[in-house]
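Let's go through this model one question at a time. Keep the viewer open and check each spot as we get to it.

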Amino acid sequence: MHLLNLGILAHVDAGKTSLTERLLHHAGVIDELGSVDAGSTRTDTLALERQRGITIKAAVVSFPVDGITVNLIDTPGHPDFIAEVERVLGVLDGAVLVVSAVEGVQAQTRVLMRTLRRLGIPTLVFVNKTDRRGARPEGVLRELTERLAVPVVAMGSVTAPGTPAAAFTAGDPAPDVLADHDDTLLAAYVDGTLTPARVRAALRAQAHRGVVHPVYAGSAATGAGVPELVAGIKELLPPAAGDPDGPLSGTVFKVERGPAGEKIAYARLFSGTLRVRDRIGADDARSKVTAVSVFGDGTDTRAEAVPAGRIARLWGLTDARVGDSLGTPRPGHGRFFAPPTLETVVVPGPGTDRRALHLALTRLAEQDPLIGLRHDEVRAETSVSLYGEVQKEVLQATLADEHGLAVTFRETTPLCLERPAGTGAAAEFIKKGDHPFLATVGLRVEPAPPGTGVTFGLEVELGAMPYAFFKAVEDTVRETLAQGLHGWRVTDCAVTMTHSGYWPRQSHAHQGFDKSMSSTGYDFRGLTPLVLVDALRRAGTRVHEPMHRFRLEAPADTLGALLPVLAALDAVPGTTRTEGARCVLEGVVPAARAHALEQRIPGLTRGEGEWESAFDHYAPVAGGAVPERPRTDRNPLDRKEYLLNVTGRVGG
């Protein structure tokens, strides 16, 4: 069977959900078009999506095209839900990038196209809303070339743009862009022997490889251009590949709960075949697939197996999380977008049960791995990581609508991290000093190259003590570094174990194991945090805050008003250039200031400014007080408090 797993991507309000409805209607899957405004679309099924008119969760629906089964995935357009887009990209065979003929190329359009190009995902472009007043399809075509800086091939032209009669007329693709990527085609173009069939074959080959991007235009509202787009999807995007007889390999890209609270995992299979009653997962946590449904002909139907290339819903995988691999992990598959850089504390409203809130947040985090939860048992608080303010509003509404829980939020703060400033070492020995643990642990902490995370190594013989004790030290090191000297996660840090020692298992005649005279994993887990923070103190840490790289395009005569505001909000322009009557500023701004700056742009630029920002790097906090984060562990920074929390006494 010819399969195609297709993603619909766009900047918010470009009309991709409406285009999804039109494609389903064109294929005969639905008899009546749904409306985003009326909340009746096939893919926006959440109550909140219908209320707000935006896509929040990716949705899968299928339709047939001349013997091809297309599994279409509608994705969110708002940048606060970029995590949903991220997980979808990993399962696509091709994509349609929707651009508004009125607004043209926008910030999120650029982010998405850059990512699609980097991943080599074959992509068609659909210029939507050509029937709207102010539509400028020819101008948008130029923007695609100039502002996205990608090779595009117009597949026709629009007549009567900006009117309800706007129509798309298919035409022969021009060979000049194609010739830039094909020397033999260029030679035929120069000597005049090029035929339309040869051009079409080159277009098909280059589009399949994601080298060029065919551009269609029309209107999801009227249906103009949609038949031509459907023909392009069939001809110019490659079918799903995969060997059904190969080793099992798949990816979970969505998790939801069914009516009875059961977990349902959405997965794409790249190789092999998954059958009902198969067991998958690690040996100590294998789950049995209890039911399967596969997508096809507009719906999903129960099946006994899922072959390579297909998307399916799976029941029985109780521990499944978004991003999990089924069978052999795909090589080179990883995160495409930056992690969230903001954090806020969830505050229960009057009458909201804290335990119920904890359970609800845990379930939401299970569906979205980039909603990082942080529980503070001492203060009875839970923090969540976020991309932006809209995501916070959606989380609030979701908790109210789906779980009946009223919450508010504290002020959003940047999610910082710590890096070692130098090298530090510490060691504590059995029965020396005031600690009660039957363990000797020595650790050295030093900086590691950016991006390496936390590494753990040994300078002691692996056979010097049981491996379980070394493992206890390493696991505890990684756990403890989740909160550094200022409470932030410590990264880009190399930890080396320099000293080790233990008391062998002791037993007495007729009495068995004597725990008071024998080292256990508890001793190493208890002592390691004290040694580690001591070494970390001697090394010192520097707090780094997330920085966004921004691009601001605005009328040149507003530059005088913009620059003082940028400076006041700690934004640092790197380059400033003038393009006709407009200026373009690029630079960096602390993530904590990015939202406030974005809110000021319309008023400073007469509503003509275009703002784009995305996480770029972490930089040391410059000037002012170093941001602190309350600890949620047993606080090894305070030795007496830690020993009381762990052992119930201050020392040995």
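**Cavities, strands and loops**

Q: How much space lies in the largest cavity?
A: This is a predicted model, where local features need pLDDT of at least 70 and side-chain atom pairs count only at pLDDT 80 or more, while totals for chains, interfaces and linings use all residues. A cavity here is a set of points on a 1 Å grid over the protein atoms alone where a 1.4 Å probe fits but cannot get out; points are joined across faces, edges and corners, and the volume is the space filled by probe spheres set on them. Searching the whole structure turns up 2 cavities of 30 Å³ or more, and the space in the largest is about 100 Å³.

Q: Which elements give two or more residues to the lining of the largest cavity?
A: Lining residues have an atom within 4 Å of a point, and this cavity has 13 of them, with P137, E138, L141, G156 and A217 closest to its centre. Helices (H or I, at least four residues) and strands (E, at least two) are DSSP runs numbered from the N terminus. By that naming, the elements with two or more lining residues are α5 (137–146), β7 (156–159) and β9 (213–217).

Q: How many residues of that lining are nonpolar?
A: Ala, Val, Leu, Ile, Met, Phe, Trp, Tyr, Cys and Pro count as nonpolar, Asp, Glu, Lys and Arg as charged, and the others, Gly among them, as polar. On that split, the lining has 1 charged residue and 2 polar ones, and the nonpolar count is 10.

Q: Which strands stand at the edges of the open sheet of 6 strands?
A: The order is β16-β15-β18-β11-β10-β19, with antiparallel pairing, where a pair needs at least two DSSP bridges. Each edge strand has a single partner, so one side of it is left without a neighbour in the sheet. The edge strands are β16 (299–303) and β19 (325–327).

Q: Which residue of β11 does E256 stand opposite?
A: β10 (residues 249–257) and β11 (residues 263–271) run antiparallel and pair over 8 bridges. Opposite E256 in β11 is I264.

Q: Which residues of β26 point to the buried face?
A: In a regular strand, side chains alternate between the two faces of the sheet. Buried means under 20% relative accessible area, exposed over 50%, and partly exposed in between (1.4 Å probe, protein chains only). Along β26 (residues 424–428), A425 and A427 point to one face and are not buried, while the buried ones on the other face are G424, A426 and E428.

Q: What is the bridge partner of A425 in β27?
A: β26 is joined to β27 (residues 439–447) by 5 bridges, and the two run antiparallel. The partner of A425 there is R444.

Q: Is K431 buried or exposed?
A: K431 is found in the loop between β26 and β27. Its phi is positive, near 60°, although K431 is not a glycine. With a relative accessible area of 57%, K431 is exposed.

Q: Is K129 buried or exposed?
A: K129 lies in the loop between β5 (123–128) and α5. K129 is another non-glycine with a positive phi, about 65°. Its relative accessibility is 14%, so K129 counts as buried.

Q: How many residues of the chain, in per cent, count as buried?
A: Residues are numbered from 1 along each chain as its sequence is written, and side-chain values use heavy atoms, with hydrogens and water left out. The chain has 16 helices and 36 strands. Of its 652 residues, the buried share is 53%.

Technical notes
1 Å grid on protein atoms, 1.4 Å probe; cavity = no way out; pocket = protein on both sides within 12 Å on 5 of 7 lines; lining within 4 Å.
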